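Visitor: I'd love a close look at one part here: the interior, with the loops and charged side chains that go with it. Please take me through it in one connected walk.

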Amino acid sequence: MKIGFLQQHNTADTRDNILRLAEGVADLARRGAELIVLQELHNSLYFCQVESVDNFDLAEPIPGPSTNMFGELAREYGVVIVTSLFERRAPGLYHNTAVVIERDGTIAGKYRKMHIPDDPAYYEKFYFTPGDLGFKPVETSLGRLGVMVCWDQWYPEAARLMALQGAEILIYPTAIGYESSDAPEEQQRQRRAWQTVQRGHAVANGLPVVAVNRVGHEPDPSGHTGGIQFWGTSFVAGPQGEIFYEASENEEESIVVDIDMRHSEQVRRWWPFLRDRRIDEYGGITRRFIDAPL
């Protein structure tokens, strides 16, 4: 499968962001990409740096303007596109939602972000209701896509549930970056941990992983922090955690990576982790914490 991704910076001009995305999708398709993955909340600035009710105006229904526009691109170029949108489900009810567009322009499926962070500069709980669609892969003409979103990247349970339902690849649209007050060494520890845990999902499940992050600096509208320097480093890893491609920390990139989807089965034959799981002993995994016996 030829996987294309766009690692882009965003501005306050939503129309310009969308225009550049459309041009990028067309370019990737012309270069042979079959599956195109976009970064988290790609239409706008990362608005979750502040809590403002005015930002709910950025949300849109699904289907809606963005799915229509990306549907037209998918149909014109014959590609599958993974988008990431601020979904207005109903008045006062909003989600951070990934939508997969099929090659004919129809919606193949969607995933609502399940794990919602609430950290300085990442006030997502103010905006997003936790997802209610579960961890279910999306069936497409290219295969079964295990699509999740950003903060979901840290949870091995989520990746495992996707794999157990037949996902053939794990995909994470992302918006994550450096906190300006952290020392450079701490910033790099965080970035490497982010990549390492996802490579671990690839190894543990014998599946390729695609993570597409935004790049560039976005100021904090409140002025309380120095804003976020998004660390880019979008990457594609194979089922043994091997890095096929890693993007720059500070530059936009438009990349096509060709991966052998058949290799996953061979890896799972060598490392039969699914065979050796002790499912009879994992009952406690559904508990918040297992207190030590008295």
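Guide: Happy to. Let's begin with a word we will use a lot: two residues are in contact, or touch, when they have heavy atoms within 4.5 Å of each other. Please also keep in mind that this is a predicted model.

A good starting point is Phe 86. The largest nonpolar core has 60 residues, and Phe 86 is among the members that touch the most others, along with Leu 35, Leu 145, Leu 170 and Ile 171. Leaving aside residues up to four places away in sequence, the contacts of Phe 86 include Leu 41, Phe 47, Phe 56, Leu 58, Tyr 94, Tyr 127 and Phe 128. Asn 55, Glu 60 and His 95 are also on the contact list of Phe 86. Apart from this there is a second, separate core of 18 residues, with Leu 28, Leu 38, Ile 81 and Val 99 among them.

One contact of Phe 86, Leu 41, leads us into the loop between β2 and α2, where Leu 41 sits. Most residues other than glycine have a negative phi, and most peptide bonds are trans. Leu 41, however, has a positive phi of about 50° without being a glycine. Leu 41 is also buried, at 3% relative accessible area. The loop between β2 (35-37) and α2 (65-77) holds Pro 63 too, and the peptide bond leading from Ile 62 to Pro 63 is cis, with omega near 0°.

Gln 39 belongs to the loop between β2 and α2 as well. What is the relative accessible area of Gln 39? The value is 1%, and because buried means under 20%, Gln 39 counts as buried. Its side chain has a polar contact of 2.9 Å with the side chain of Asn 10. Not counting residues up to four places away in sequence, Gln 39 touches residues including Leu 6, Gln 7, Ser 84, Pro 173, Thr 174, Val 212 and Arg 214. Asp 118 makes a useful landmark for scale: its C-alpha atom is 20 Å from that of Gln 39, and the two residues are 79 apart along the chain.

Now let's move to another loop, the one between β9 and α3, where we find Cys 150. Cys 150 is not a glycine, yet has a positive phi of about 40°. Its relative accessible area is 6%, so Cys 150 is buried. Asp 152 is placed in the loop between β9 (143-147) and α3 (156-164) too. Is Asp 152 buried or exposed? Asp 152 is buried, and it has no salt bridge. The nearest side chain of opposite charge is that of Lys 113, 6.4 Å away, whereas a salt bridge has to be within 4 Å, which is why this pair does not count. A polar atom of the Asp 152 side chain does lie 3.0 Å from the backbone nitrogen of Val 149. Beyond four places in sequence, Asp 152 touches Tyr 111, Lys 113, Met 114, His 115, Ala 158 and Tyr 172.

Lys 113 has a charged partner elsewhere: Lys 113 and Glu 124 form a salt bridge, with their closest N and O atoms 2.8 Å apart. Since Glu 124 is in the loop between β7 and β8 and Lys 113 in the loop between β5 (107-112) and β6 (118-119), the pair ties together parts 11 residues apart in sequence. Both Glu 124 and Lys 113 are buried.

For contrast, look at Asp 132 and Arg 89, whose side chains meet in a salt bridge of 2.6 Å, N to O. This pair links parts 43 residues apart in sequence, because Asp 132 is in the loop between β7 (122-123) and β8 (138-140) while Arg 89 is in strand β3 (residues 80-90). Asp 132 is partly exposed, with a relative accessible area of 44%, and Arg 89 is partly exposed at 39%. Asp 132 and Arg 89 also belong to a network of salt bridges that takes in Glu 87, Lys 110 and Arg 112.

One last pair completes our walk: Arg 20 and Asp 16 form a salt bridge, their closest N and O atoms 3.1 Å apart. They are separated by about one helical turn, because they are four residues apart in helix α1 (residues 14-30). Arg 20 is buried at 16% relative accessible area, whereas Asp 16 is partly exposed at 27%. The count for the model comes to 19 salt bridges.

Note on methods: Residues are numbered from 1 along each chain as its sequence is written. This is a predicted model: local features need pLDDT of at least 70, side-chain atom pairs count only at pLDDT 80 or more; totals for chains, interfaces and linings use all residues. Side-chain values use heavy atoms; hydrogens and water are left out. A nonpolar core is a set of buried Ala, Val, Leu, Ile, Met, Phe, Trp, Tyr and Cys residues joined through side-chain atoms within 4.5 Å. Buried means under 20% relative accessible area, exposed over 50%, partly exposed in between (1.4 Å probe, protein chains only). Helices (H or I, at least four residues) and strands (E, at least two) are DSSP runs, numbered from the N terminus. Lys and Arg count as positive and Asp and Glu as negative; His and the chain ends are not counted. A polar contact is a pair of N or O atoms within 3.5 Å; within protein, one must be able to donate a hydrogen and the other to accept it, and residues adjacent in sequence count only if both atoms are side-chain atoms.
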